[in-house]
Amino acid sequence: QVQLVESGGGLVQPGGSLRLSCAASGFTFSDYGMSWYRQAPGKERELVAYISRTGRSTNYADSVTGRFIISRDNAKNTVYLQMNSLKPEDTAMFYCNAERSITGSRYWGQGTQVTVSS
């Protein structure tokens with residue numbers, strides 16, 4: 001069955017870094033654009049970063065541009081989010097998303113918690 005399993009979250013001090021990973025299985029990974037979303041308590045889920053099927057195209061939310069980098073390894077069926085210069089306002093549950101626009105197929109992971117605090 002389809003699985004997206006996030007890992008790499010945790011507690012980090014402001015200014016620190018974390019690298020999130022999302023391991024995919026159960027579908028053809030290279031057919032899907034991949035995204036990271038986040039949801040803070042009391043707020044709506046928001047798109048953080050997107051990477052195209054081949055990895056040639058990426059997009060970022062304004063709030064993370066220049067600090068976060070999304071990448072993927074289609075040989076390992078994994079997408080990553082390198083997060084640098086973390087701020088307390090980055091605290092949220094981070095979710096991995098796979099979407100194939102041509103079919104409308106969309107999958108979500110369970111999420112990994114990121115907490116930025118001193």
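**An all-strand fold: sheet, hairpin and core**

In this predicted model, four strands form an open sheet in the order 1-3-8-7, and their pairing is antiparallel. The edges of the sheet are taken by strand 1 (3-7) and strand 7; each has a single partner strand, so one side of each is left without a neighbour in the sheet. From one strand to the next, the twist averages 15°. At the strand 1 edge, the pairing with strand 3 is antiparallel and extends over five bridges. A handy landmark here is Leu4, which stands opposite Ala24 in strand 3. As a general point for reading such a sheet, side chains in a regular strand alternate between the two faces.

Stepping back to the whole chain, the protein contains 11 strands and zero helices. Read from the N terminus, the order of elements is accordingly β-β-β-β-β-β-β-β-β-β-β. The overall dimensions can be checked against a simple rule: a compact globule with 118 residues would have a radius of gyration near 13 Å, and the 14 Å found for the protein agrees with this. The C-alpha trace spans about 40 × 25 × 25 Å along its principal axes. Of the contacts between residues at least 6 apart in sequence, 53% link residues that are at least 24 apart. Buried residues account for 38% of the 118 residues. The exposed surface comes to about 6300 Å², and carbon and sulfur atoms supply 44% of that area.

A second group of pairings is centred on strand 9. With strand 4, strand 9 pairs in the antiparallel sense over seven bridges; within this pairing, Gly33 has Glu99 of strand 9 as its bridge partner. Strand 9 also runs antiparallel to strand 11, to which three bridges join it. Here Ala92 stands opposite Val114 in strand 11. Another antiparallel pairing, over four bridges, connects strand 9 with strand 10 (residues 105-108), and in it Asn97 lies opposite Trp108 of strand 10. Strands 9 and 10 make a hairpin with four residues between them, and in its turn Gly104 has a positive phi of about 80°.

Two loop residues also deserve a look for their backbone angles. Asn77, in the loop between strand 7 and strand 8, has a positive phi of about 55° although it is not a glycine. Its relative accessibility is 27%, so Asn77 counts as partly exposed. The next loop of this kind, between strand 8 and strand 9, holds Ser85, a residue other than glycine whose phi is likewise positive, near 45°. Ser85 is partly exposed too, with a relative accessible area of 42%.

Turning to the interior, nonpolar side chains tend to be buried together in soluble globular proteins. The largest nonpolar core in the model has 28 residues, and the members that touch the most others are Met34, Trp36, Val79, Leu81, Met83 and Phe94. Two or more residues of this core come from each of strand 3 (18-25), strand 4 (33-39), strand 5 (46-51), strand 7 (68-73), strand 8 (78-83), strand 9 (92-100) and strand 11 (112-116).

Leu81 gives a good view of how this core is put together. Leaving aside residues up to four places away in sequence, Leu81 touches Leu18, Arg19, Leu20, Trp36, Val48, Ala49, Phe68, Ile69, Ile70 and Phe94. Among these neighbours, Trp36 and Phe94 are also listed with Leu81 as core members that touch the most others.

Val114 offers a matching view from strand 11. With a relative accessible area of 0%, Val114 is buried, as it falls under the 20% limit. With the same exclusion of residues up to four places away, its contacts are Gly9, Gly10, Leu18, Leu20, Met83, Asp90, Thr91, Ala92 and Phe94. The contact with Ala92 fits the bridge geometry, in which Ala92 stands opposite Val114. As a distance for reference, the C-alpha atoms of Val114 and Ala23 are separated by 17 Å, the two residues being 91 apart along the chain.

Notes
Residues numbered from 1 in each chain as written. Predicted model: local features only at pLDDT ≥ 70, side-chain atom pairs only at ≥ 80, totals over all residues. Heavy atoms only, no water. Core = buried A, V, L, I, M, F, W, Y, C linked by side-chain atoms within 4.5 Å. Buried < 20%, exposed > 50% of the residue type's maximum accessible area, 1.4 Å probe, protein only. Contact = heavy atoms within 4.5 Å. Pairing = 2+ DSSP bridges. Axes fitted to C-alpha atoms, helices over the stretch in contact; angles between N-to-C directions. Rg over C-alpha atoms; globule rule 2.2 N^0.38 Å. Areas by Shrake-Rupley, 256 points an atom, 1.4 Å probe, with all protein chains shown as cover.
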